[in-house]
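Visitor: I would like a close look at a single part of this model, with the cut-offs behind each term. Please take one helix and follow it outwards to its surroundings.

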Amino acid sequence: MRAAVITHPDTPPVCAEFPEPEGRPGQEPLRLVGAGIHNVVRGIASGRHYESTNRYPLVPGIDAVARTRDGRLVYTGFAHAPWGTLAERMITPFGLDVPEHADPLAVAAGINAGTSGWFPLVDRRRETGALGTVLVLGATGMSGSMAVQAAVALGAARVVAAGRDPEALEWLRRCGATTVSIADPDPDALAATLAPVVAETPPSLVLDYLWGPVAEAALTALGATGRGDGTSIGYVQIGSLAGEHASVSASLLRSRRIRLTGSGAGSVPKERMLAEIPDIIALIADGRLRAPYTAYPLSEIEKAWAHRGRDRAVVVPD
C-alpha cells in the first residue's frame, strides 16, 4: 500500500510503498478518509516525544477518520507501530461512529486538538459543578482556540483568551471570549499585561499551551495581589511552545490554593478518552467547535508535513 514513510528522524516523510498492516483478531482493515498532521505526530516521528519508538522506517499518524468495509465512517487511532494512520489502509483497535452530516476532515483535524483542553474542562466542571473563569494561554493556536470554544460551549462564566495573533483574537472575541494580546515576549511586560486580567476575575482554571516564560509571567500575575482567599485554582500544563521549563515561586504555592497538573498522552486513560470523544465529534459536526484544515493528497505528504498556520494539515487519499 502507499503511505507516508519516514526513514530517519531528521527527514520528512515521503509517499512510498509500505507493507500492509498486520491483521489482528477482530480488527478489520480501514480505508483512509483523512488524517491530521498534529504537532504530536511530528514530535513522535522525530524522536522528540515521550511516546517515540525511535525505530525506523515508520508510518506516522496517531488518528484518522476512515471507512469500514461496510461503509461506516469512523474516527479511529492507536495503530500498532511501525504503522500509523497516514496510509491508504490501517488496522486499529477501535472505531467511533462519525455522523454522516459531519465534515470528516474537520473531525480528523479537530479531535487531537480538541481533546487537549476538553478533559481538564470537563474534569473541573465535574469537580466543582461550574467552570467559573477559564484563562487560556496560547489561545490563538488551533488547540488553544478549540479550548476557548469548548469552555464557552461547556458554560464557563468567563473565558479569557490570551495569544499573539490579532486576527485570531478578534475571532475568539466574537465567539464570546475576553481577549488579551501577549505579543510582547518580555516576561515583565507579560506579567503586567496579565495581572489586571486575573485580578478582575481570578481564574478557577488555567489552560497553558505555552509554558516557559509565559507560564512564569502568568504565575507571577496570579500571585501579585498578596494572599489569596482560598479559592481553588487549577493550572493545567498542556503545551510547551514557549519553552520546556518554567520556575514556580514558593510563595505563590503557599499563598494560593493552586494545583499544578498536566494534560497529555498518558495522563488520560484510553478508556476515558474513548468515552469522551463522541461528545467532541458531535460538537464539531454541529459547528460549535470549529476545526479549520487544509487538505493535501497523500502524494503531497512533504507539503503537508511542512504546513504551518492557524489550521491543520489533513492528508487524504489521492
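Guide: What follows starts at helix H4 and then turns to a neighbouring strand, the domain contact and the salt bridges.

The model is predicted, so local features need pLDDT of at least 70 and side-chain atom pairs count only at pLDDT 80 or more, while totals for chains, interfaces and linings use all residues. Residues are numbered from 1 along each chain as its sequence is written, and side-chain values use heavy atoms, with hydrogens and water left out.

Helix H4 covers residues 166-174; helices (H or I, at least four residues) and strands (E, at least two) are DSSP runs numbered from the N terminus. Ala168, Leu169 and Leu172 of H4 are buried, where buried means under 20% relative accessible area, exposed over 50% and partly exposed in between (1.4 Å probe, protein chains only). Seen down the axis of H4, these buried residues fall within an arc of 100°, so they line one face of the helix; the arc is taken over the directions from the helix axis to the C-beta atoms. The face turned away from the buried side carries the exposed residues Pro166, Glu167 and Arg174.

The cover over the buried residues of H4 includes helix H3 (142-153), strand E9 (158-163) and strand E10 (178-181), with contact meaning heavy atoms within 4.5 Å. At the N-terminal end, Asp165 caps H4 with a side-chain oxygen 3.0 Å from the backbone nitrogen of Glu167. Just after H4, Gly176 takes a positive phi of about 115°.

Val180 lies in strand E10 and counts as buried because its relative accessibility is 8%. Leaving aside residues up to four places away in sequence, Val180 touches Val160, Ala161, Ala162, Gly163, Leu169, Thr193 and Val197. Leu169 is thus a buried residue of H4 and one of the contacts of Val180. Val180 and Leu137 are 43 residues apart in sequence, with their C-alpha atoms 9.5 Å apart.

Glu167 also forms a salt bridge with Arg310 (3.2 Å, N to O); the term stands for a side-chain nitrogen of Lys or Arg within 4 Å of a carboxyl oxygen of Asp or Glu. The domain assignment gives domain 1 (1-97 + 287-314) and domain 2 (114-260), with bounds that come from an automatic or database assignment. Over C-alpha atoms, the centres of domain 1 and domain 2 are 31 Å apart. Domain 1 brings 8 residues to the contact and domain 2 brings 10 residues. The area buried between them is about 920 Å², with 56% from carbon and sulfur atoms; buried area is the accessible area (1.4 Å probe) that two parts lose on being put together, summed over both. Leu289, Arg290 and Arg310 supply 64% of the area that domain 1 buries against domain 2, more than any other three residues. The rule finds 2 salt bridges across this interface.

The structure holds 15 salt bridges. Arg126 pairs with Glu276, the closest N and O atoms being 2.8 Å apart. Arg126 lies in helix H2 (residues 104-128) and Glu276 in helix H8 (residues 270-285), so the pair ties together parts that are 150 residues apart in sequence. Arg126 is exposed at a relative accessible area of 57%, whereas Glu276 is buried at 5%.

Conventions. Polar contact = N/O pair within 3.5 Å; in protein donor to acceptor, adjacent residues only side chain to side chain.
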